[in-house]
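Student: I've got the model open and a few things I'd like to sort out. Can we go through them together?

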Amino acid sequence: MAARALTKGLLGLRQSRTVAVGYSIAGHQYSTAAPIKAPRLQVDDVSEKLLTLPLEKPDFFRVSELFSLKDLFDARVHLGHKRGCRHRLMEPYLYGCRLDHDIIDLDQTMEHLQLALNFTAHIAYRGGIILFISRRRQFCHLIETTAKECGEYAHTRYWQGGLLTNANIQYGPGVRLPDLIVFLSTLNNVFQQHVAIRDAAKMNIPTIGMVDSNCNPSLITYPVPGNDDTPITMELYCRLFKMTINRAKDKRRQMELLHGLSPSSS
Amino acid sequence: MWTNMAAHRSTRAVGLLLGRCGGRGPVRVEVLTRQICQTSGLCRKNLAAAGPEKFSLEFIQKQVEDFDIGRRHLANMMGEDPETFSQEDIDRSIAYLFPSGLFEKRARPHMKHPDQIFPRQRAVQWGEDRRPFHFLFYTGKQSYYSLMHETYGKLLSVEKHQDRMRSKGLFSNEVKNMSLSSSRWLTKEELEALLVENVSLQDYEHFLQLMERLLATPYSAIQEEFVLHYRRQLESQSKKQAVPPLERDQAGVAFSTAQGRRKTSQSSVVLRDGGSGRISVNGQDYLAYFPILQDREQLMFPLQFGGVLGRFDLQCSVSGGGRSGQAGALRLAIARALLSFLSEGQMEAMRQAGLLTTDPRVRERKKPGQEGARKKFTWKKR
């Protein structure tokens, strides 16, 4: 198997670069072609620097300054559902249960939210497509307005089956799928997990999800335990995401101007 | 012969690449191929599943340029000014240069702007970085959902306005609503044409429900313009009988004019008051023009019904058709002209008698395979 892969490599890809390098597999000596470093242009250097600079600091976009524990408490993020609705996998995220109502641990929420917002900021900085999904009719208009204002996309309507998995036929050939999906509520109207969570996992799209105490956080890349039912909470989330994305995009434009590049497409 | 065969059948060769392990000699590869023959049946395109033909943007633009050049050529040919050559002039010129006797108007030669010939299509939805333009692109029905979003936004703004009025204490329930009796909602097909997208029946009904909800709120009149954009005027209102106006000539004699049609005859009648019942048809006396009693009875019927036999003078002109058709056309014209001299009740009575209705019966065409319009050839059992 390894030998077959080796010959495929020989015949297929690396024929243009011809420096001989020796190596051994399972005791046999082989020699084969290895890649030369091709001379890089200056533009490549600058764009590479643009992409790697934000990765040097843990909180390059300073998203932790956007919210505090008190803000989360005032927006009632800690209020979960009743004990009977509790999902087993949400138990690590719960602080406790008071008079049958689950209380979500806001310290954990702070950490998770910071990770999620940081990730969103990096995606937005690199010009990725962010899709907001929620199936709550109450907040449909709010979420669509948020998406419009930050220049990203929203889907708060009935989810047709093949939107992610059958994209080439649904939208047309050559469509670009979202690079990040943000679930402001992971359940659909019949209290089942939204189909898009599974589809995003199938299509290797990272997801951020606000998981309430009755939701399943397993397939979500960056779950954020928190309330998803109150209007004030949803407004807080929308505001936070909008500010993060705008901040990241402004930073990108600033960096490009600084390095004298024309606005790149990637 | 071999090339002919290749033209009919496409062959695929499947190959396996095998490498020899062992570093002693140069690596040798052996390629085994297996021939798979496909018939032309698989190569045929599924035309039914392809959908309506899509035209690229460059193609449409080229068509528009060609049309404009052709229009200027046509204007030069007809000896008219190319700058002010309108679509009516084009139609007229084409009808003159290429006279056609075809009954089907759509089959006749025509020259129209490409926008009216090629159906409206969606342009490509994303830019060069492949980011879609519309924020609701990933829903699949972006125009429809953006319409719903906009409508809901208007509803929220109306409710906000209502709250403001309430807080100022100026809220009143008797706010004038817009008059919607003369218009109707868009049909589903019209909405599809507006959005350039397929709209399902449920979606259409949801849209109408949302609009009705918007109209049900008290201060919906502030969004009147938005709502009227999605309503269409009702085509035919309840038409009242068009009474010809009563005119007076220089001598002070009251008269009225009216037209009438029956089969292929067209007539025009001038009814003068203060006369003695003289009737002239095409310059001739009616007794000479209509020797048959039945035709003269047709002329008299409206006057006799109104009870004004000796009061009016008639000056009629009639053309086309035969004697009965001309008589019927004149009867209708006289009845219409008489309306300006009669009361409402008498007018209603005339309408009930059928004097004011154009007779829609015309000659039915002969069909092939039959003797006449209805008569069939003799039926033979065997």
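Tutor: Sure, and one term to start: buried means under 20% relative accessible area, exposed over 50%, and partly exposed in between (1.4 Å probe, protein chains only). This is a predicted model, where local features need pLDDT of at least 70, side-chain atom pairs count only at pLDDT 80 or more, and totals for chains, interfaces and linings use all residues. Residues are numbered from 1 along each chain as its sequence is written, chains are lettered from A and ligands numbered from 1 in the order in which they are written, and side-chain values use heavy atoms, with hydrogens and water left out.

Student: Which residues of helix α7 (residues 195-202) of chain A are buried?

Tutor: Helices (H or I, at least four residues) and strands (E, at least two) are DSSP runs, numbered from the N terminus. The cover over the buried part of α7(A) includes β6 (130-133), β8 (180-183) and β9 (207-211) of chain A, with contact meaning heavy atoms within 4.5 Å. The buried ones are A196(A), I197(A), D199(A) and A200(A).

Student: In the open sheet of chain A, which strands stand at the edges?

Tutor: Two strands pair if DSSP finds at least two bridges between them. The sheet has three strands in the order β3-β5-β4, paired antiparallel. Each edge strand has a single partner, so one side of it is left without a neighbour in the sheet: these are β3 (79-82) and β4 (94-98) of chain A.

Student: Which residue of β5(A) stands opposite L79(A)?

Tutor: β3(A) and β5 (residues 101-104) of chain A run antiparallel and are joined by two bridges. Opposite L79(A) you'll find I103(A).
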